[in-house]
Amino acid sequence: MGRQRGASAVERWEYKSAVDMAKALKPLSRPLSTQPETLTSDEKGILAQCHAAVDTLQWAFWLAGKALETIREGRLYRTECSSFDEYVWKHWRMKKAYANKLIRTWRIAEAVFGLLSTEAAPIGAGKQPTPLGVNAEKALKALNQAQVWELVPVADTWDVDAAVLVYRTTLEVDGVNVTAKLLNGAVQALPQGDFDEEQIADHVRAFVESFGEDDEDELADFTARVERAVPSHWVRRLAKKDSAAAHRYLDELQAHVDKVRAELGPLDVTVTVPEARGSEESSAAEGLEPTAAA
């Protein structure tokens, strides 16, 4: 008995990678069907390939960085040019700084892409989606070189896994869109010293939760911001392991507060008095007795 017509359509869409799908794309010169509101199986397959091709454009910086490092480290340029810098300029008019930037980001991009792809995959029946899983699909579409570049200092200080931890922690906070600006601030908020996964996650989470809040609201109530600025639950955990270290942390935190206070200068206690509407109100505002009428 022959195979049912159209049974292989889904199989044809299953490629090993987006690049494979893009390569298999056959450009159209006209519509394949006259159906106004539905697509045929062939059209659905072509549309999937088109999406894959555009997705490849999004990840061009990662693929380019990986390829450039391969050329540089393998000295594959040696038959044409005396240096890697000369080679990338000759072929792509690419400056050394940009080539190195692409090279420094690709490992982080690959790792973050792996994280998001795994979390964005369909979950099994009966499983509850995690905050990370809910946000991963949107983040995957928005991920770009500017975001990944902000994670490079983390990878340089510790490793790629630490950079992924920073990204993952930002993604787990509900209602927050991961942007380059957000990641930059999160990285700036990281503590110094040896790698501590819990400490890094706590600092990133505290920053992300306070990111973009209305300054006027914060002027009315500092409590929430203060509680987020000092990760008390982490300090308590640290104290259980090493009480002296917890106190050193608080001492350094206090020293930082004192430094910021000194930078602000003396407290301005000037009180602005509203303009009086009459001579009596004006005299009272100036601390004078009202003048009797003539």
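Q: Let's start with Thr 169: where is Thr 169 found?

A: Thr 169 sits in helix α10 of this predicted model.

Q: Does Thr 169 count as buried or exposed, and how do I read that from its relative accessibility?

A: The idea is a cut-off: a residue under 20% relative accessible area is called buried. Thr 169 has a relative accessibility of 2%, so this residue counts as buried.

Q: Which residues does Thr 169 touch, not counting residues up to four places away in sequence?

A: With those sequence neighbours set aside, Thr 169 touches Ala 201, Val 204 and Arg 205.

Q: While we are in α10, how should I read its meeting with α11, and at what angle do the axes cross?

A: Look at the distance between the two axes, then the angle, then the handedness. The axes of α10 and helix α11, which covers residues 180-188, come within 11 Å and cross at roughly 120°. The crossing of α10 past α11 is right-handed.

Q: Which residues in α10 and α11 meet?

A: From α10 come Val 166, Tyr 167 and Thr 170, and from α11 come Leu 182, Leu 183, Ala 186 and Val 187. Sorted by character, the residues of this contact are six nonpolar, one polar and no charged.

Q: Now for charged side chains: which salt bridge does Arg 168 form with a Glu in the same helix, α10?

A: Here the closest N-to-O distance is the value to read, and a pair within 4 Å qualifies. Glu 172 and Arg 168 meet in a salt bridge at 3.3 Å, N to O. Both residues lie in helix α10, four residues apart, or about one turn of the helix. Glu 172 is partly exposed, its relative accessible area being 29%.

Q: What joins Glu 119, Arg 168 and Glu 172?

A: Salt bridges with shared partners join these residues into one network. The other link is the salt bridge between Arg 168 and Glu 119, at 3.9 Å from N to O. This pair connects distant parts of the chain, with Arg 168 in helix α10 (residues 160-172) and Glu 119 in helix α6, 49 residues apart. Arg 168 counts as partly exposed at 30% relative accessibility, and Glu 119 is also partly exposed at 22%.

Q: How many salt bridges does the count come to?

A: The count is nine salt bridges. One of them pairs Asp 156 with Arg 104, where the closest N and O atoms are 2.4 Å apart. Asp 156 belongs to helix α9 (residues 152-157) and Arg 104 to helix α6 (residues 96-120), so this pair ties together parts that lie 52 residues apart in sequence. Arg 104 is partly exposed, with a relative accessible area of 42%.

Q: Staying with helix α6, which residues does Ala 109 touch, not counting residues up to four places away in sequence?

A: Ala 109 is in helix α6 and is buried, with a relative accessible area of 0%. Leaving out residues up to four places away, Ala 109 touches Trp 59, Phe 61, Trp 62 and Val 148. Sequence distance and spatial distance are worth reading side by side. Ala 109 and Val 160 are 51 residues apart in sequence, while their C-alpha atoms are 9.5 Å apart in space.

Q: What share of the contacts with a separation of 6 or more comes from residues 24 or more positions apart?

A: Such residues account for 62% of those contacts in the chain. As wider context, the chain has 17 helices and zero strands, and 28% of its 294 residues count as buried.

Q: How can I check the span of helix α3?

A: Multiply out the expected rise and compare the result with the distance between the end C-alpha atoms. The 18 residues of α3 (residues 41-58) should span 26 Å at 1.5 Å a residue, and the end C-alpha atoms are 26 Å apart, so the two agree. Among the residues of α3, Glu 43, Gly 45, Ile 46, Gln 49 and Ala 52 are buried.

Q: One last feature, the backbone angle phi: what is the phi of Arg 75 and of Arg 93?

A: Most residues other than glycine have a negative phi. Arg 75 has a positive phi of about 50° although it is not a glycine. Arg 75 lies in the loop between α4 (60-73) and α5 (84-92) and is partly exposed, at 42% relative accessible area. Arg 93 also has a positive phi of about 50°. Arg 93 is placed in the loop between α5 and α6, and with 57% relative accessibility it counts as exposed.

Conventions
Residues numbered from 1 in each chain as written. Predicted model: local features only at pLDDT ≥ 70, side-chain atom pairs only at ≥ 80, totals over all residues. Heavy atoms only, no water. Helix = DSSP H or I, 4+ residues; strand = E, 2+ residues; numbered from the N terminus. Expected span 1.5 Å × (residues − 1). Buried < 20%, exposed > 50% of the residue type's maximum accessible area, 1.4 Å probe, protein only. Contact = heavy atoms within 4.5 Å. Axes fitted to C-alpha atoms, helices over the stretch in contact; angles between N-to-C directions. Left-handed = near helix turned anticlockwise from the far one by under 90°. Nonpolar A, V, L, I, M, F, W, Y, C, P; charged D, E, K, R; others polar.
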